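Work through the exercises below with the model open. Each task is followed by a solution in steps.

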Amino acid sequence: MPLNFGKNPHDFLTVSAIALACFLSARFADGLMGFGVMASPVWPPAGIALASLVLFGYRQWVGVAAGMLSFDLALDVPWFVAGIMASGQTLGAITGAWLLRRMQFQPSLTRLQDALGFIFQGVVLSPIVNATISTINAGLTGIVDWQQPGTHWSTIWLGDGMGILTIAPVLFTWLGDRPGQQTMGQPPRHQWRSRLRKYSIDGEMLIWAISLLGVSWFVFQSSTQKVAHYPLEYLPFPFLIWAALRFGQRSTVLGGLIVSGSAILGVVQGRGPFLSAEGNLREAIILLQIFVGIITATALVLAAAVTERQQVEEKLRQKEKYLRGIFEGAGIGIGLDDLNGRIFESNPVLQTMLGYSREELEQLTFADFTHPEDLAKDTELFQEMIAGQRNTYQLEKRHIRKDGEVIWVRLTNSLVRDEAGNPKFTIGVVENISDRKQAEAALQQSEARFRVIAETAACAVLVYQGSRLRYANPAAEQITEYSRDELLAIDFWNLAHPEYRELVRGRGLARQRGEAVPFRYEIKILTKSGLERWVDFAAGVGSFEGQPAGIATAYDITDRKLAEAKLVFTANRERLLSEMASRIRSSLNIETILQTTVEEVRQFLKADRVFIGCFGDCGSCRAVAESVAPEWAPVLGWQISDHHVDAIKALFQSSRLRVINDTSQIQKTPFLAEYYQRCQVRAGMGISLYLDGQMFGVLIANQCSGPREWQPFEIELLEQLATGVEIAIKQGRLYRQKQILAADLERQVEQRTAELQQRMEDLQHLNQVKDLLLHAVSHDLRTPVQGMLMVMNQLRSRCCESETVSVPRSILDRMIQSSDDQLQLLNALREEPATDDCKLALACRSFSLHKVLQAALQTVEPLFLQSQVQLTNQISADLPRVFADPAQIQQVLEALLTNAVKHNLPGVTIALHTDVINIDLDHASDNPSDSFKLIQITVEDTGVGMTQDQCDRLFKPYVRSLDNPRRTGIGLGLYRCRQIMIAHSGQIGVTSQPGSGSKFWFTLPVAWN
């Protein structure tokens, strides 16, 4: 992963710290030694660079290169020379890190292989890269003489190696991950003993550090003349051994660094044992390098070896503790015996099992508590194992407890040998099997009883384990026709019929797995000879010879199944015959009866085809009903030629029934050969059908899949069905004759019904004419008669006692006019204007509407006076003339005025007014001829008013008023007004609300100029 200083500041800090460490350590070494660009005998930056790459990864090479380049540039050498020098030191560190990682190096240096690998690959091999590059660079730049390159190369190699050896281990152990196992210097916490031990170790470590510093100062800071003749340089070595044995790798490498630093400082200051009396610095440096290498490498290897041994010892202690826990906590007895059979170690379970304590068992041999009957066998096997003939043996035997009780045990004895392969001791594992032995004894008794019962049982008894039968009783041999050996050699499900084989297999295996499956069911099996048998099968889970097993019983119920099948067949046959008879009685539809019959017969007989052929009137024969399996070609509608009909009749001449079990075994006429080929017949039954003594058809059942042995009950069923079919056909024909007669009778009834309906319509029309006549008499003639009656009453009141009455001409004219009106109404009744389709005869002309209105007001004036009507006439005399029949319009006005008076209380106010309406035929045209005018006449009263429903029904004829029970007549007054307006191409209507009066209006066209 590349460095990313922007997103990860930690990378920048790490690189900066490495670069700074390399630069400062180089400056320190250069300042201390004073060699400048020449090689230093101990080069600390090499150790820092290697440790940085191993601990923090290859990415940190940037920090190493930056630090070394900065130092090299500080020496006032050309930049390219400094770059080559920095690159050599960086490549050396990368090479060393790669070599260490390749050997799976652990920086904790707690393993001996890590310490040796570090010395060989990190200290010896990795400096070669920098020494080679730096020597070439120095030779090319003239820093060193080409005649002595070896001296320069070896100096660099030794300097880098010593720097790596002294600095890198300190960084590895103090900056890297600490080892996972606790050492003597890292006791468990929270226990007072551990704390006391820690304090004592810390005190010991303090004494060690002070002693090491004092000895190192004495040895390496003394004057050369005092110590040159004594080998005092190795005096600190025992202190390093002390650290390796007591404090671990971290303190050991730190001590090595202290000793090496003291020695280097002494040489630099001209002191110590490495300088001779003559003060030869080169010889002192070589001796210094040898000393640093030996003392540091020895301390490093020694500490690693001691730490590794301590770890092994700790693992052995943990393993021993683990094994002791297993030994003491095991659920079975364990005893360790010497080669004489004496028990020198035993666990609590064995002690409890035998009733002896540990000390008592150590005084006994296995022969002391072994049952006498089992001792000889046990001793023999024990001696064979000691002699090397076997490594282990297992034996079930009896032990005698201390209290005298005899128990059964299973002994597994194993021999343990030493490194030379000689017998050392034995391990005996003892399991108490007394309960099992008792259970086995009980099981043996149970199996003995089971075997007696099974051997004498009338049903088959089978025991299976896995897929194989383990036991079969004699009844099973008799039912299946297999011998016992044959039964035990096959899978248990292979006894079942193929239809039930998968069912038996699945349930049998599931039952052994402990799954819940039905324990009893009926299945078919196949005997050895291939016969099918029905058995009542029941199974459960038990044990056989001490192992779980399935136990099953099977009762032969073949006879019961055959009886049930016969009963079912008989019941189905009776049901079929009964349903057929019921259909004949209920349906009498011959096509439906025949089709249903062939379908049910085929299903009942399980045949491939059943069909009925009938002879026609022209001598042919046709298949009229068929039921056939999908895999066979149908023959429905097959027409047999005339010359084959005689052949069919000849086949059934000698016998009505014909049964063929195998068509390949009989002689065939040409017709039979064609019929068998066309219908794929391999076996068949046929029976002739008779009607009125004449053969009219055949009922055929075919088996197309192969020959078939037709059973007697199947033949009997076909005979009975043939009789039913004959009855059905006979009744069907009678039913058709009955349908023909019924259809003719129905046609006559329909004709008579149509005549009666026509007469009823005529009578209804006459009744309508009668109702109109009554209305005319009771309603239309009432107004003029009532007016005339009022005039005559006035005249009679004037005459007093005089016999003669003088009549004014105006009154006489009005009486004549009233009589004319009555005559016109009577003539109109003769014209029968009772329907909308009947058109009125109009005498239209141009006239003044004001004059017609005045005439109508004079007619109803007596009625207005009697009812105290207040009239408001707003119709002016200068209205435009209208084109209409004035007599009819006057009749409409009189009807509306009379209606306003009769249907309201006395004192009602009636208002008359008109409006002229312009109608534009073409809105886009300015031509006056494209428009015409209408006059709307309105008769408005202040009476009781009407509902909207009454308004909708007002202009329709009615027999009796639904709104005023006191009224008589059929109510054709307003209906006649509507007819008059329709005849004039006008309109008439009313708007009203209850309590607000009514407003009647009608329109008439204005006369053209």
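A crossing of two helices is called left-handed if the near helix is turned anticlockwise from the far one by less than a right angle, and right-handed if it is turned clockwise. The model used here is predicted.

**Exercise 1. Describe how helix H27 and helix H28 pack.**

Step 1. Locate the helices: H27 covers residues 849–866, and H28 covers residues 886–902.

Step 2. Read the geometry. The two pack at an angle of about 35 degrees, and their axes are 9 Å apart.

Step 3. Assign the hand: H27 passes H28 in a right-handed crossing.

Step 4. List the contact residues. On H27 they include Leu 849, Val 852, Leu 853 and Phe 864, and on H28 they include Pro 886, Ile 889, Leu 893 and Val 901.

**Exercise 2. Describe the packing of H3 and H4, then find which elements give two or more residues to the nonpolar patch.**

Step 1. H3 and H4 pack at an angle of about 145 degrees, with 8 Å between their axes. H3 passes H4 in a right-handed crossing.

Step 2. Among the residues that meet are Trp 61, Met 68, Leu 69 and Leu 73 in H3, and Trp 79, Ala 82, Met 85 and Ile 94 in H4.

Step 3. Turn to the surface. Leu 69, Leu 73, Trp 79, Phe 80 and Ile 84 make a nonpolar patch of about 500 Å². The elements that give two or more residues to this patch are helix H3 (61–74) and helix H4 (79–102). H4 gives the most, with 3 residues.

Step 4. Check one member. Ile 84 is found in H4. Its relative accessible area is 33%, so Ile 84 counts as partly exposed.

**Exercise 3. Is Ala 244 buried or exposed, and which residues does Ala 244 touch?**

Step 1. Ala 244 lies in helix H10, residues 237–246.

Step 2. Buried means under 20% relative accessible area. Ala 244 has 1%, so Ala 244 is buried.

Step 3. Leaving out residues up to four places away in sequence, Ala 244 touches Thr 252, Leu 302, Ala 303 and Val 306.

Step 4. Compare sequence and space: Ala 244 and Ala 305 are 61 residues apart along the chain, while their C-alpha atoms are separated by 8.9 Å.

**Exercise 4. How many residues of helix H30 are buried?**

Step 1. H30 runs over residues 973–983, and 8 of its 11 residues are buried, so the helix is largely enclosed by the rest of the structure.

Step 2. The buried residues include Gly 973, Leu 974, Tyr 975 and Met 981.

Step 3. After H30 comes Ser 985, with a positive phi near 60 degrees.

**Exercise 5. Which parts of the chain does the salt bridge of Glu 360 and Lys 402 tie together?**

Step 1. Side chains of opposite charge can pair when their charged atoms come close.

Step 2. The side chains of Glu 360 and Lys 402 meet in a salt bridge, at 3.0 Å from N to O. Glu 360 lies in helix H14 (residues 358–361) and Lys 402 in the loop between strand S3 (392–400) and strand S4 (406–417), so the pair ties together parts 42 residues apart in sequence.

Step 3. Both partners are partly exposed: Glu 360 has a relative accessible area of 30%, and Lys 402 has 48%.

Step 4. Now take Glu 532 and Lys 524, whose closest N and O atoms are 3.6 Å apart in a salt bridge. Glu 532 is partly exposed at 46%, whereas Lys 524 is buried at 11%.

Definitions and conventions. Residues are numbered from 1 along each chain as its sequence is written. This is a predicted model: local features need pLDDT of at least 70, side-chain atom pairs count only at pLDDT 80 or more; totals for chains, interfaces and linings use all residues. Side-chain values use heavy atoms; hydrogens and water are left out. Patches are made of residues with over 30% relative accessible area and no salt bridge: like charges are joined within 9 Å, nonpolar side chains (Val, Leu, Ile, Met, Phe, Trp, Tyr) within 5 Å. Accessible areas come from the Shrake-Rupley method with a 1.4 Å probe; for residues, only the protein chains shown count as cover. A salt bridge is a side-chain nitrogen of Lys or Arg within 4 Å of a carboxyl oxygen of Asp or Glu. Helices (H or I, at least four residues) and strands (E, at least two) are DSSP runs, numbered from the N terminus. Buried means under 20% relative accessible area, exposed over 50%, partly exposed in between (1.4 Å probe, protein chains only). Axes are lines fitted to C-alpha atoms, for helices over the stretch in contact, and angles run from 0 to 180 degrees between N-to-C directions. Contact means heavy atoms within 4.5 Å.
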